[in-house]
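Biologist: Could you walk me through this one slowly? I would like to begin with a single side chain and work outwards from there.

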Amino acid sequence: MNVKKTIGKTSLSIGLACAVTAYAAVPAVNVEPSPIKAEPLKLEQKWDKVFKQSPKVNHSKVTFVNRYGITLAADLYIPKNFSGQLPAIAVSGPFGAVKEQSSGLYAQTLAERGFLTIAFDPSFTGESSGSPRYVASPDINTEDFSAAVDYLSTREDVDPNRIGILGICGWGGMAINAAAMDTRIKATVASTMYDMTRVNAKGYFDSMDENARYELREKLNQQRTSDYKNGYYALAGGVVDPLPADAPQFVKDYYAYYKTERGYHPRSLNSNRGWNVTSSLSFMTMPILSYAGEIRNAVMIVHGEKAHSCYFGEDAFKLLKGDNKELVIVSGASHTDLYDQMDKIPFDKIEVFYKTYLK
């Protein structure tokens, strides 16, 4: 038995030698590494948020680059009269919103409480770059959070060992996915979260079966053909307008935020013509919470008791492991209450959570 093994190894060695003899080595091309370089963006410098500017916080615009070369635009909020290095938090969402809406409100409020924060527009939306416009990606949008961590980690006024993220609505699911991937993220909050892969693949309350999912795929792929023939990407439309009298309550709640002075913004997809129709295709086969159970750093999930989306948060919490995970259910709150209602968003709990795990 040993002799045969030796013969086999000898034969293999001879074969490799012949291969080396028969083919001369090809010299490697001197390929330069790709530079990480932000492209210039034209950013609005005036205050154009849907919330009032805080006198306790300094505000400015910044940019940073993700791993796909897309330049992201962000609002930077720094507490006034601070010294040393600060814990930092990157904020994004809701899905189809811009940084001038809910994410900016969260970021500014947390800056008032002692954190350096950024609220950023995801790739392909708002003031961030990326073409085509108005497309979402479970991969790229998860990467957006890690790119924000790249940026924050290199600021002299940030402690790189005390960085957290916060995702709202659909970006709550992205934030959990980012926490599963990026060990630099020490604390994650998902507020009024959606699992966008689940809702696209299965519909609300998992009402879509395999046949319905196949029909949707057929429709969306036919749309791809039409888009390519037409030379542009058809838009799905934002929040329905005019609002039907028989619309579900959560649609009425979206309308009340995105289509009124309360939350309307001219760059917001939900306030205007929405995402590309085909944007949901990749979400249907790429579940983003597959590795949530491997997150070792802290996670808090916040949801409204009356939110139609509460089951997303509750089910995501069941995937998490460890005693540094927390589920907060806000009594009487709807999904959109946690966008901007200061009496409903549990900022005191969120502050304590971040100060506990970003220390």
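Modeller: Let us begin with a polar contact, in which the side chain of His308 meets the side chain of Tyr194 at 2.5 Å. Please keep in mind throughout that this is a predicted model.

Biologist: Where is the place of His308 in the chain?

Modeller: His308 sits in a loop, with strand 7 (298-304) on one side of that loop and helix 8 (310-319) on the other.

Biologist: And does His308 count as buried or exposed?

Modeller: His308 counts as buried, because its relative accessibility is 13% and the cut-off for buried is under 20%.

Biologist: Which residues is His308 in contact with, leaving aside its neighbours within four places in sequence?

Modeller: With those neighbours set aside, the contacts of His308 are Tyr194, Tyr204, Phe205, Phe250, Tyr254 and His335. In addition, the C-alpha atom of His308 is separated by 8.9 Å from that of Gln249, although the two residues are 59 residues apart along the chain.

Biologist: Let me switch to pockets. What volume does the largest pocket have?

Modeller: The largest pocket has a volume of about 910 Å³, and 28 residues line it. Those that lie nearest its centre are Phe95, Met196, Asn200, Tyr204 and Trp275. Tyr204 therefore appears in two lists, since it is also one of the residues in contact with His308.

Biologist: Which elements give two or more residues to that lining?

Modeller: They are helix 5 (196-202) and helix 7 (249-258), and helix 7 provides the largest share, with 4 residues.

Biologist: Now the sheet, please. How many strands form it, and in what order?

Modeller: It is an open sheet of 8 strands with mixed pairing, and the order is 1-2-4-3-5-6-7-8. Strand 1 (57-65) and strand 8 (325-330) are the edge strands, each of which pairs on one side only. On average, neighbouring strands are turned by 20 degrees against each other, direction ignored.

Biologist: How do strand 5 and strand 6 run, and how many bridges join them?

Modeller: Strand 5 (residues 158-168) and strand 6 (residues 187-191) run parallel and are joined by 5 bridges. Within this pair, Ile165 has Thr188 of strand 6 as its bridge partner.

Biologist: Last one: which strands does helix 10 lie across?

Modeller: Helix 10 (residues 347-357) lies across strand 3, strand 5, strand 6, strand 7 and strand 8, and runs at about 160 degrees to strand 6. Helix 3 (residues 138-153), for its part, lies across strands including strand 1 and strand 5, and runs at about 150 degrees to strand 5.

Note on methods. Residues numbered from 1 in each chain as written. Predicted model: local features only at pLDDT ≥ 70, side-chain atom pairs only at ≥ 80, totals over all residues. Heavy atoms only, no water. Buried < 20%, exposed > 50% of the residue type's maximum accessible area, 1.4 Å probe, protein only. Contact = heavy atoms within 4.5 Å. Polar contact = N/O pair within 3.5 Å; in protein donor to acceptor, adjacent residues only side chain to side chain. Pairing = 2+ DSSP bridges. Axes fitted to C-alpha atoms, helices over the stretch in contact; angles between N-to-C directions. 1 Å grid on protein atoms, 1.4 Å probe; cavity = no way out; pocket = protein on both sides within 12 Å on 5 of 7 lines; lining within 4 Å. Points joined across faces, edges and corners; volume = space filled by probe spheres on them.
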